[in-house]
Amino acid sequence: MATTAPPPGTTTSPTPVPHAPGTPLFRTTALTALTPVVWGTTYLVTTELLPPDHPVFAAAARALPAGLLALALTRTLPRGSWWWRAAVLGVLNIGAFFPLLFVAAERLPGGVAATMGAATPLVATVLAVVVLGERWSRWRLLWGAGGVLGVGFVVLGPDAALDPVGVVAGLGGAAVMALGVTLTKKWGPPPGVGPMAFAGWLLTAGGLALLPLALVEGVPTQVDAPALGGYLWLGIVGGLVAYALWFSGIRRLSVPAVAFLGLLSPLTAAVLGAVVLGESLDPLQLVGFGLALLALVAGQVVPHRRRVGVARPRPVEDSAVSAAEPSGPASSPATARAGRSR
């Protein structure tokens, strides 16, 4: 059904709701959200199945075999400048992020480390302006702070303490993750390269960067059947599948929208702790859980104002489409306010 054009002197928001259930953008967001949900299982798998005191080895085992498998399946290698770009993105998204994450986890209580990681949407919102030239969004900055506060309510305990090295590592991990997502959005993937092949490039590069650290740390002396299952889960599901979905989402969604989805990771870990390990959530934690979820949803859209003035064409981002046709004398304007996905 055609929509009539607004009369002179008014501007309107795009009519469709891009994140409505059933739309391509909604499906992309839902699939991308599976990645931080899967990543949220890492703590449970690591503590319950894997050998202790070998975190970097676990990270390398998660990245390198999955990356090599993706390269073997897709038979697609980088070309030209993509050799060094894949190396940079692999180090940022995997090779540097994992060691910083583990240092923060070792030097800080788990809740403090998770709260530091929840700062990623705030950093990504700033980097989207600096690197990609997007406009400032006070909406996302506000809800980014709300996400940090909500995650803090969920995971922080009375024994929370701040170690300077751990704090630097935690904030550094959030920064390199946000920068990795931003540069992934800026550079590619190149045309004709699918999500699995692209994930294979970055997993291989990140795994190779982690390999020397893993060898220094040492190989576990014993890997039993549960540990083998844990490594397979982290490598195939938490590595190859999760990163393919993640990079596919980065291609279609805005950087802040993807970063806000990362709040699902500590929330998933908290739910698994309650369901599998019998940990309890008090009323304050439940409030924080709801606040973090609200911030996650709010971060997917940016409301825009209805302005009065001369109607001008306006670029539309993501999959929001504005349909307009010339109207006859008896037509009336049809406008709708929708959150703009970025």
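1. Helix H8, residues 138-155, runs for 18 residues in this predicted model. From its first C-alpha to its last, H8 reaches 26 Å, close to the 26 Å expected at 1.5 Å a residue. The buried positions in H8 are Arg140, Trp143, Gly144, Gly146, Gly147, Val148, Gly150, Val151, Gly152 and Val154. Keep an eye on Val148, since that residue turns up again in point 5.

2. Helix H13 can be checked the same way. Its twelve residues, 264-275, should span 16 Å at 1.5 Å a residue, and the end C-alpha atoms are indeed 16 Å apart, so the two values agree. Buried in H13 are Leu264, Ser265, Pro266, Leu267, Thr268, Ala270 and Gly273.

3. Now the overall picture. The protein chain holds 14 helices and two strands. Of its 342 residues, 47% count as buried. The accessible surface comes to about 16600 Å², and carbon and sulfur atoms account for 69% of that. If you take the contacts between residues at least 6 apart in sequence, 90% of them join residues at least 24 apart.

4. Which residues have the most contacts inside the largest nonpolar core? They are Phe198, Trp201, Tyr243, Trp246 and Phe247, in a core of 45 residues. Helix H10, residues 195-217, supplies the largest share of this core, with eight residues. As background, nonpolar side chains tend to be buried together in soluble globular proteins.

5. There is also a second, separate core, made up of 18 residues. Among them are Ala33, Val148, Ala295 and Ala298. Val148 is one of the buried residues of H8 listed in point 1.

6. Trp201 deserves a paragraph to itself. Leaving out neighbours within four places in sequence, Trp201 is in contact with Leu71, Thr76, Leu77, Pro78, Trp82, Ala86, Pro190 and Val193. Trp201 also belongs to an aromatic cluster, where ring pairs link it with Trp39, Trp82, Phe198, Tyr243, Trp246 and Phe247. The count of aromatic pairs comes to eleven. One member of the cluster, Trp82, has a charged partner too: Arg85 lies over the face of the Trp82 ring, at 5.5 Å from the ring centre.

7. Two backbone angles may catch your eye. Asp53 has a positive phi of about 65° although it is not a glycine. Asp53 is found in the loop between helix H2 (42-48) and helix H3 (55-74). Is Asp53 buried or exposed? With a relative accessible area of 67%, Asp53 is over the 50% cut-off and therefore exposed.

8. Arg75 is the other one: not a glycine either, yet its phi is positive, at about 55°. Arg75 lies in the loop between H3 and helix H4 (82-95). At 77% relative accessibility, Arg75 counts as exposed.

9. Last, have a look at Gly230, which sits in helix H11, residues 225-252. Gly230 has 0% relative accessibility, so it counts as buried. What does Gly230 touch, not counting residues up to four places away in sequence? The answer is Val45, Leu49 and Leu50. Pro51 is also worth a glance here: Gly230 and Pro51 are 179 residues apart in sequence, while their C-alpha atoms are 9.8 Å apart in space.

How values were computed:
Residues numbered from 1 in each chain as written. Predicted model: local features only at pLDDT ≥ 70, side-chain atom pairs only at ≥ 80, totals over all residues. Heavy atoms only, no water. Helix = DSSP H or I, 4+ residues; strand = E, 2+ residues; numbered from the N terminus. Buried < 20%, exposed > 50% of the residue type's maximum accessible area, 1.4 Å probe, protein only. Core = buried A, V, L, I, M, F, W, Y, C linked by side-chain atoms within 4.5 Å. Contact = heavy atoms within 4.5 Å. Phe/Tyr/Trp six-rings, centres within 6.5 Å; stacked < 30°, edge-to-face > 60°. Lys NZ or Arg CZ within 6 Å of the ring centre and 35° of its normal. Expected span 1.5 Å × (residues − 1). Areas by Shrake-Rupley, 256 points an atom, 1.4 Å probe, with all protein chains shown as cover.
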